[in-house]
Amino acid sequence: MSETEKLTRLFAALGADDPQGWAESEVAEDLPQLARYRLLRALSQDVRSWDTSASDSPRAVARETTFGILYLLADPDSDDLPSDLRHQLPGWILMETTPAGELTHRRLDALYEDLEYLDPPADGTRGRTVAEGWIRDTNLRPFCESLAAEVAYDFDDSDWLAIHTALPDTDDEQPRSAWYAYPLVGRDRVDLRIARSVGGSEISVSVEGTVPDHTRSRVGLLLDIMARYEIAPD
């Protein structure tokens, strides 16, 4: 299979209107068209996720959009693509340059984590943290499935495999930015951060996002239940 044919298939899998045209442009002009299309596709999905009838203020919409862009720049795999497709796609990094435009090879990483400090919520009360605490390790999958249901995200075995595989390498004594993060993007978007408790069987949890008040309350209650009780499978 030629490089153009391979790229054409990948563009088609991403839903491009003219997959062959994009592929030929990358090969003939030596442009990172696949990476460009992947980034633009994810950003356009974020734009379309906003309900035009929502009561959010323009500033709230701008903040959430900015957060989504910064998050995507830091983690290309936070899009909605299946894992087998992600493994075939290029990603990106944001890197510092000198005043002369030369690369310093220092990454500008996790900018979204500091956005709230520079631009706190207008009312001074509502941050992006929806709920935080700990749960029993045996309740992790039920918690993930229940959290996904709250935002109308279809959580399946591939999602669980990604989380379950990453969990052993986490440590909740590390900065929260080092915890494993997994996005759940449905009617709303929340970002789940988890890390194993050192010397214990608990899992520390932080849920971040901009959600309605009733969702915030329900997620807090869900976290409390998963800490107090052991959930048995049906």
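Buried means under 20% relative accessible area, exposed over 50%, and partly exposed in between, with a 1.4 Å probe and protein chains only. The model treated here is predicted, with local features needing pLDDT of at least 70, side-chain atom pairs counting only at pLDDT 80 or more, and totals for chains, interfaces and linings using all residues. Residues are numbered from 1 along each chain as its sequence is written, and side-chain values use heavy atoms, with hydrogens and water left out.

**Exercise 1. Describe the protein as a whole.**

Step 1. Take the secondary structure, where helices (H or I, at least four residues) and strands (E, at least two) are DSSP runs numbered from the N terminus. The protein has nine helices and six strands.

Step 2. Take burial and surface. Of the 234 residues, 36% are buried. The accessible surface (Shrake-Rupley method, 1.4 Å probe; for residues, only the protein chains shown count as cover) is about 13500 Å², and carbon and sulfur atoms hold 51% of that surface.

Step 3. Take the contacts (heavy atoms within 4.5 Å). Among contacts with a separation of 6 or more, 58% are between residues 24 or more positions apart.

**Exercise 2. Which residue forms a salt bridge with aspartate 77, and where do the two partners lie?**

Step 1. Apply the criterion: a side-chain nitrogen of Lys or Arg within 4 Å of a carboxyl oxygen of Asp or Glu. The structure holds 10 such salt bridges.

Step 2. Identify the partner. Aspartate 77 pairs with arginine 38, with 2.8 Å between the closest N and O atoms. The pair links distant parts of the chain, 39 residues apart: aspartate 77 is in the loop between helix H4 (58-74) and helix H5 (83-86), and arginine 38 is in helix H3 (residues 33-48).

Step 3. Assign the burial classes. Aspartate 77 is partly exposed at 36% relative accessibility, whereas arginine 38 is buried at 2%.

**Exercise 3. Treat the salt bridges of glutamate 208 and glutamate 145 in turn.**

Step 1. Glutamate 208 forms a salt bridge with arginine 193, the closest N and O atoms being 3.8 Å apart. This pair also links distant parts of the chain, with glutamate 208 in strand E6 (residues 202-209) and arginine 193 in strand E5 (residues 189-196), 15 residues apart.

Step 2. Glutamate 208 has a relative accessible area of 13%, so it is buried. Arginine 193 is buried as well, at 3%.

Step 3. Salt bridges with shared partners join Arg141, Glu145 and Asp157 into one network. Within it, the side chains of glutamate 145 and arginine 141 meet at 2.8 Å, N to O. The two residues are separated by about one helical turn because they are four residues apart in helix H7 (residues 140-150). Glutamate 145 is partly exposed at 36%, and arginine 141 is partly exposed at 23%.

**Exercise 4. Which residues of H7 are buried, and what do they pack against?**

Step 1. The buried residues of H7 are Leu140, Pro142, Phe143, Cys144, Leu147, Ala148 and Glu150.

Step 2. These residues pack against strand E3 (129-136), helix H8 (157-166), strand E4 (180-185), E5, E6 and helix H9 (213-228).

**Exercise 5. Characterise the largest cavity.**

Step 1. Set the terms. On a 1 Å grid over the protein atoms alone, a cavity is a set of points where a 1.4 Å probe fits but cannot get out, and lining residues have an atom within 4 Å of a point. Grid points are joined across faces, edges and corners, and a volume is the space filled by probe spheres set on the points.

Step 2. Search the whole structure: one cavity of 30 Å³ or more is found. The largest cavity has a volume of about 60 Å³.

Step 3. List the lining: Leu70, Leu73, Ala74, Ile93, Leu94, Arg107, Leu108, Asp109, Ala110 and Leu111. H4 gives the most to this lining, with three residues.

Step 4. Sort the lining by class, with Ala, Val, Leu, Ile, Met, Phe, Trp, Tyr, Cys and Pro as nonpolar, Asp, Glu, Lys and Arg as charged, and the others, Gly among them, as polar. The result is eight nonpolar, no polar and two charged residues.

**Exercise 6. Where do aspartate 30 and alanine 152 lie, and what are their phi values?**

Step 1. Recall the background: most residues other than glycine have a negative phi.

Step 2. Aspartate 30, not a glycine, has a positive phi of about 55 degrees. Aspartate 30 lies in the loop between helix H2 (19-29) and H3, and is exposed at 69% relative accessibility.

Step 3. Alanine 152, also not a glycine, has a positive phi of about 60 degrees. Alanine 152 is in the loop between H7 and H8, and is partly exposed at 47%.

Technical notes
On a 1 Å grid over the protein atoms alone, a cavity is a set of points where a 1.4 Å probe fits but cannot get out, and a pocket is an open set with protein on both sides within 12 Å along at least five of seven lines; lining residues have an atom within 4 Å of a point.
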